[in-house]
Structures are given as C-alpha cells and as structure tokens.
Amino acid sequence: MKRVLLAVVTLLALGLGVRGKEYAVYKASYTQTYDYHFEGGDWDPQPDKYAGYFIGEATVTKETTLDRVLLFDCWKEYGGNVYEWWVTTWFRLVSTGDGQQAIVAHDSAKGEKGFVEAFVLTGASIAGPPKGYTGVHFTLVAGLEVEREEVKLRLDTKLTAAAQAAADAATGDPLTAVRQVVADYLESRGYEEDR
Amino acid sequence: MKRFLTLAAFLATAAVALGAGSNAYYAYRASIKTPYDFSWSGSAWDHSAGTGASLVLLGMTVGPKGPALNRMAIVDFWTEGTHRYYSVDMITSGLSFTNYGNGSGALILAQSWKPGKVVSGVDLAVLTCKIGDSAPKTLKGTSLTIDLGDEVTRSEVSLKLDSALSAAAAAAAAGDPADPFGAATEVLVAAVEALGYTPEP
C-alpha cells in the first residue's frame, strides 16, 4: 500500500512538474489615440500605430500568477521591418473566481517630475488564457509628454502551441526558447532584429 | 484694539486675495461608466461594472502665465437600497491643465501613493476638451486606478459644464474670502442634499 501511495505521489509530482510554466502568445496592436510631446517650445501631436507580441509566462496552481512577460515591438524603418524584444516582471495578473482577468502595471518616478505610467488590460475566460484583452496604457511626464494608447491583445493559438512545446522541451530558460519561436516567426515574415 | 484687529484681518484677506490672483470656479456634471472594477475582498478579487454620477468643481487661478488648475472637489452621489448617499473628495495635488495650442487641451490628474518606499498605486485621468474663449463645455476621457492591494478600475468619464451651478459656486466663493473653494464646494453639496442625498455613513 505504501509503495502504491508513493507511486501515486510521484506521478502527481511529475504531472505538476511537466505542466510547469504556461505560455500564451498574444498578437498586440497599439493605437496612440492621444499623444503630445513638448518639443521646441510647443506641444507636438505625434499619434502613431504599431504592433508586436505580448507573451505571458504564468504559473498555474490554484491561482494563475503572471511571472514574466516577453514583449516584442515591430515597426517599419527605412523601408525594412524590424523588431526588438525585452523581458519584464512589471505586469501583474488580477484574476477573479468567475474568469475575469486584468493585466495591470504601474510606475512612477520620484526623481522625474510628474512621471506616472499605467496599464489596465482586461479579458475573460472560463478555462485557459483569455482569447483577448483590451485596455489602455497611459504615460504622463508633466510638461513633457501625454500619451494614451489603446491596446488590443489577440491570442495566437498556433504560436502559443509552438511556444509551449518549445518551453516544455527546453533544457535552459524556457522563455529563451519561447523567444526564439517568436523571433523565428517574425524573421520568416521578413523582420530583422533591431540591433 | 478691536479696530486694529479688524484692519489687520482686512489687510490679511486682501493680501491673500492679491497673492492668489484671479480665481475662477467651474462646476461640472460628471457621468462615469466603469466597465471594469476589480476590488479585493480580503481573500479574493471581485469584479463588477457600473455607472455613477458626480458633481465636480474645478478651482482655477488665472495668473500672468495663464490659468492653472489648483483644486478639484468631487461630490459622488449614489443609491444603496432605499438610501441615498454622497461623499466629498478634495484633490489638491497632481492636477494640471494643459493647453496644446491647437484648440485642444486636457485636464490631467496623476497621483501615486507611497505608504512606504515603494509605490503601491496610481490614479491617472486624462480628460480632453476644446479650448475657446470660455470654460470648456465638455471634457471626456479615461481614468485608471491601480492599487494592487485594494482595487483596479478603468472608467470612461464625461464632464458637462453646469453654468448655473458654476455661477452659484463663484458667488459663494466671492462671499467667503477665507475659504472660497470650501464655500464653492458647499454649493455642490447643497445641490445633492436638495435631491435627498445624505452624507455617507
């Protein structure tokens, strides 16, 4: 009996271990509906649009915790398509029992007068990652910059599956393997890393 | 002695009035839609959505460099069951009003809370408007509140100028040089009390 229990516990532990981190790859679109920069003595409107990928690394136990986020920004430059990426622990996940979720982040700097930045993106799902999030990103620097972006994240199921498979097979940091999957995809579409 | 005190009080009042420049008070009726309101119950996050209404008073000082937004009073009023309540919030920091020079401007509220060394939350609102010769008739925009130990909200806010209430607030402010903004705020409080709302218990 003891041996059976030990086997069950080992299998459960292995099961949890295999599950590990979960990855969700979202295609991101950012629309600056409102963007002013104080330059040359005047406020200059500079509304813009750009795209990217927002990849969440989550630990799923009783609750889902957002550990790290891998971000890709993509844009056109001198006729070519370029991307850059970075990893951040800035974002937090707020999750309710009925499947409502919010990805939030905030920052403010003491040394920089009136600097405040905030993200609130919301989505909902009963099981698994939400298919999409929508929300707002504000950046304010008093007297210098006022920026509001509409943010839309749409779950890319194919890239999510590829990223999860790469992460599960990785021997090192799984997020590095995930990054390679997305970078390979972008490069297959004609993008080059901005160095 | 009494005459001296009266004179001293007058001079002090005049000095305050001159130092403060020209004050202006504008009252707005606010409608607030909050599709995302996450609140921490102590053991879990709850989610709700709703709409709200407020009266908002803007206290501006018109100086040589143009108008500056110094204070804002928000009188929220709501119904709970059969009860009608209101609350009053005064905001005295993190406010600014920016004229972008192309006929548009924005009211900006940016505050962060630091109970310790770490910022625990922020309050952000950017309401845009058209700028003309008089006070903006409408201001519209978004407000975000993030406090990871308490609440996360995203609201769409619309303010509409109430000329009659503005005039009453300005008159009350003119009649109370010691606390003009407080007197103007009382006009908004009286307006919601006239509708049967009582202070939040």
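**Exercise 1. State the order in which helices and strands follow one another along chain A of this predicted model.**

Solution.
- Step 1: Count the elements. Chain A contains three helices and 11 strands.
- Step 2: Read them along the sequence. The pattern for chain A is α-β-β-β-β-β-β-β-β-β-β-α-α-β.

**Exercise 2. Describe the burial, contacts and surface of chain A.**

Solution.
- Step 1: Take the cut-off for burial, which is under 20% relative accessible area. Of the 195 residues in chain A, 43% are buried.
- Step 2: Turn to contacts between residues at least 6 apart in sequence. In chain A, 48% of these join residues at least 24 apart.
- Step 3: Consider the surface. About 10,800 Å² of chain A is exposed, and 56% of that area comes from carbon and sulfur atoms.

**Exercise 3. Find how many cavities of 30 Å³ or more the structure holds, and give the volume of the largest cavity.**

Solution.
- Step 1: Rolling a probe the size of a water molecule over the atoms shows where empty space is left.
- Step 2: Apply the size limit. One cavity of 30 Å³ or more is present in the structure.
- Step 3: Give the volume. The largest cavity measures about 40 Å³.

**Exercise 4. Which residues line the largest cavity, and how do they divide into nonpolar, polar and charged?**

Solution.
- Step 1: List the lining. It consists of B:Tyr26, B:Tyr28, B:Leu58, B:Met60, B:Phe97 and B:Pro136.
- Step 2: Assign the elements. Strand 1 (22–40) and strand 2 (45–63) of chain B are those that give two or more residues to this lining.
- Step 3: Sort by class. Six lining residues are nonpolar, with no polar and no charged residues.

Technical notes: Residues numbered from 1 in each chain as written. Chains lettered and ligands numbered in written order. Predicted model: local features only at pLDDT ≥ 70, side-chain atom pairs only at ≥ 80, totals over all residues. Heavy atoms only, no water. Helix = DSSP H or I, 4+ residues; strand = E, 2+ residues; numbered from the N terminus. Buried < 20%, exposed > 50% of the residue type's maximum accessible area, 1.4 Å probe, protein only. Contact = heavy atoms within 4.5 Å. Areas by Shrake-Rupley, 256 points an atom, 1.4 Å probe, with all protein chains shown as cover. 1 Å grid on protein atoms, 1.4 Å probe; cavity = no way out; pocket = protein on both sides within 12 Å on 5 of 7 lines; lining within 4 Å. Points joined across faces, edges and corners; volume = space filled by probe spheres on them. Nonpolar A, V, L, I, M, F, W, Y, C, P; charged D, E, K, R; others polar.
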